[in-house]
Structure formats: C-alpha cells, structure tokens
Amino acid sequence: MNYIKVHEKIGVKKQTYGKKIGSHLTRYLYNSFTKITFNYHFYRYIFLKTVVNNLIFYYIIIMLLDVQNLNAGLEDGKEILRDLNIQIGQGETHVLMGPNGAGKSSLGNALMGNPVYKITGGKILFKDTDITEESADKRAKLGMFMSFQSPLEVPGISLEAFIRSAIQQKTGEHVKLFQFQKELKRCMELLSMNPDYARRDLNVGFSGGERKKSEILQLLMLKPDFAILDETDSGLDVDAIRFVAKGIEEYRKMTNGSLLIITHTTKILEGLAVDKTHIIVKGHIVKTGDGSLFKEINEKGFEEFIK
C-alpha cells in the first residue's frame, strides 16, 4: 500500500510521520484525526486509534475477512452459529477456542462454504466481496483455504498430482513441472516428510501425523491469503506438532497471509505472534482478547464463560 495515495485519498493535509511495518500495517502520527473506514484497491481499510504518552497514533489495517451477524446451522434446521461477528486483518493470526460442541469447526466450515451448513442470516465479506452464497471452489480461488480436522483418503490421485491440479485450478495457469517439483521437495523437507508420500494416493495409508503434514504441505504450496486450520494439532505427538508449527511459521514468512487457528492447546502456537484470541460458546463469540487470553484459557479452562 502506498501511504501517500491513501493520505491523499482521505484528504488529510496535516504533517505526518509514518513507517511501513510489513505490507499490512502503516503507522501515522497526527495532532488530531477522525476515525474513517474506506475502500481502496478492493480492500477495506480501517483506522484504529490509540493514545501513548498523550500522542495519538493511528493504524491502518487492511480488513481481509469481515463476518457480520452470522447465523448458520445444518440442513435439518438445527442452529449452531448465532449472531457471530469476527474481523481479521491481512497478516493477522487469530485463535479460536471453546469447549466441545461450541461451534468452532462449524464456523470454519461455514466460512469455507461447506454445503452441509446453511447460512440463515448475516453475511461474510472476503476482500470486501460478499461471498455468503458463493461455493467452496470459488472461495478457494479467491484465496481461502481450510485444513481439515480429519483429512479423508482420496484413492486414485497422488498427493503430488492433487496439489498440482489445485494450484492450476486456483491460478488458471499452467504449472511448470520443474519449478513445482523443486518447491514441493523443499516444503516436504521442511515438514520432515518422506518424499515417497508425494507419489502415493492422497492420504491413503497415511498415519494421522502424515495426514496433518499433508494438509500443511498443501497450505505451503497453494499459498492462500487466508487459512483456517481446524485442530491441526489434534492427535499429534510432540515431534509432529513441532514440524506442523514450523510449516505454519514458514507460511507466514512466505505470504504474510492471515490465519484462523482452531485449537484446544497452545503447543502449536509456540513461535507464532497471535494478534487476537476468540472464545466461542454455544455458537457465539463471548470474549475477544489478545494473545495472552489463550494462555489464560490453557491454565483455567472455559468454566467462567459457560453459564
């Protein structure tokens, strides 16, 4: 983002100083200012205000995902998500926690467009585009990705062929074989995956740990703008969690993408800078805090939120 153009766009003429922090955040210092939300290059930018030592700071956030009053349930009419709101900026890492049956995985599936879930109210904006009624494949092409809690076996297509086809479907361009295989090898080595798995049928005969690594391998190869990781750490031993976490860190370094991590534990979060933690109970987000909140939950549990 060119901050000079944004400066002109909103008509601010006062002297400023600012510096880029990554590609998603720019800080400005003003004597006084009014909170503004505006669109620029198909993204929504929001000014957030904070005061430090009597100086007013404003942060410009690119809003990637904006979920507004979402209600959703199953086709049989059972309501699961109730008036749920969540906003995720570009480059941010959010953690979603809650007791069993709270609606964590349901939210992930609803965001990704799983047809099993029916949206009954509210809307989902991604890159400032209303995707509430869009199919899962169109959301994926826009830059969304979801790793599954229990990845399925897909006989008849190898892991390598599946990833290559997915990249081609997403970009609409021919995938150059040499470059693809070189990057695939690098990512598999990062995850400590046996290279033979690339030629095996997708998830067929894979252990639980290898299936989860396969999901993170797809994340690294597809490089989505926004990834939902649904309990990727469940059922993994300490070593597997370490390699999966390493893959997630690599994804952030490569793409500056956004993450919504659904988890019960904090092990997979070690080494990640968490921007916000959300607590969901009975399909509704009851509390949002910073990265320290998930540590508090890990120590005390959800008892104070279940009423």
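**Exercises on a predicted structure**

Leu229 is buried, its relative accessible area being 0% (buried means under 20%, exposed over 50%, partly exposed in between, with a 1.4 Å probe and protein chains only). The model is predicted, so local features need pLDDT of at least 70 and side-chain atom pairs pLDDT 80 or more, while totals for chains, interfaces and linings use all residues. Residues are numbered from 1 along each chain as its sequence is written, and side-chain values use heavy atoms, without hydrogens and water.

**Exercise 1.** Describe the surroundings of Leu229.

*Solution.*
- Step 1: place the residue. Leu229 is found in strand E13, residues 226–230 (helices, H or I with at least four residues, and strands, E with at least two, are DSSP runs numbered from the N terminus).
- Step 2: list its contacts, meaning heavy atoms within 4.5 Å. Leaving aside residues up to four places away in sequence, Leu229 touches Ser147, Leu219, Ile248, Leu259, Leu260, Ile261 and Ile262.
- Step 3: set sequence against space. Leu229 and Thr263 are 34 residues apart in sequence, and their C-alpha atoms are 8.3 Å apart.

**Exercise 2.** Set out the sheet that contains E13, and state which helices lie on it.

*Solution.*
- Step 1: give the strand order. The open sheet has six strands, ordered E10-E13-E14-E7-E15-E16, with mixed pairing (two strands pair if DSSP finds at least two bridges between them).
- Step 2: find the edges. E10 and strand E16 (284–289) each pair on one side only.
- Step 3: give the turn. Neighbouring strands of this sheet are turned by 20° against each other on average, direction ignored (axes are lines fitted to C-alpha atoms, for helices over the stretch in contact, and angles run from 0 to 180 degrees between N-to-C directions).
- Step 4: examine one pair. E10 and E13 run in the parallel sense over four bridges, and Met146 stands opposite Ile228 in E13.
- Step 5: add the helices. H2 lies across E7, E10, E13, E14 and E15, at about 145° to E10. Helix H8 (292–300) touches E7, E15 and E16, and its direction makes about 45° with that of E15.

**Exercise 3.** Characterise the largest pocket and its lining.

*Solution.*
- Step 1: give the size. The volume is about 880 Å³ (on a 1 Å grid over the protein atoms alone, a pocket is an open set of points where a 1.4 Å probe fits, with protein on both sides within 12 Å along at least five of seven lines; lining residues have an atom within 4 Å of a point).
- Step 2: find the centre. Of the 29 lining residues, Met112, Met146, Phe148, Phe162 and Gln218 are the closest to it.
- Step 3: identify the elements. Two or more lining residues come from each of helix H2 (104–112), helix H3 (136–142), strand E10 (144–147), helix H4 (159–171) and helix H6 (208–222). H4 gives the most, with five residues.

**Exercise 4.** Which positions show a positive phi although they are not glycine?

*Solution.*
- Step 1: recall the background. Most residues other than glycine have a negative phi.
- Step 2: take Ser192. Its phi is about 55°; Ser192 is found in the loop between helix H5 (177–190) and strand E12 (201–202). Ser192 is partly exposed, with a relative accessible area of 38%.
- Step 3: take Lys282. Its phi is near 55°, and Lys282 lies in the loop between E15 and E16. Lys282 counts as exposed, at 55% relative accessibility.

Note on methods
Points joined across faces, edges and corners; volume = space filled by probe spheres on them. Nonpolar A, V, L, I, M, F, W, Y, C, P; charged D, E, K, R; others polar.
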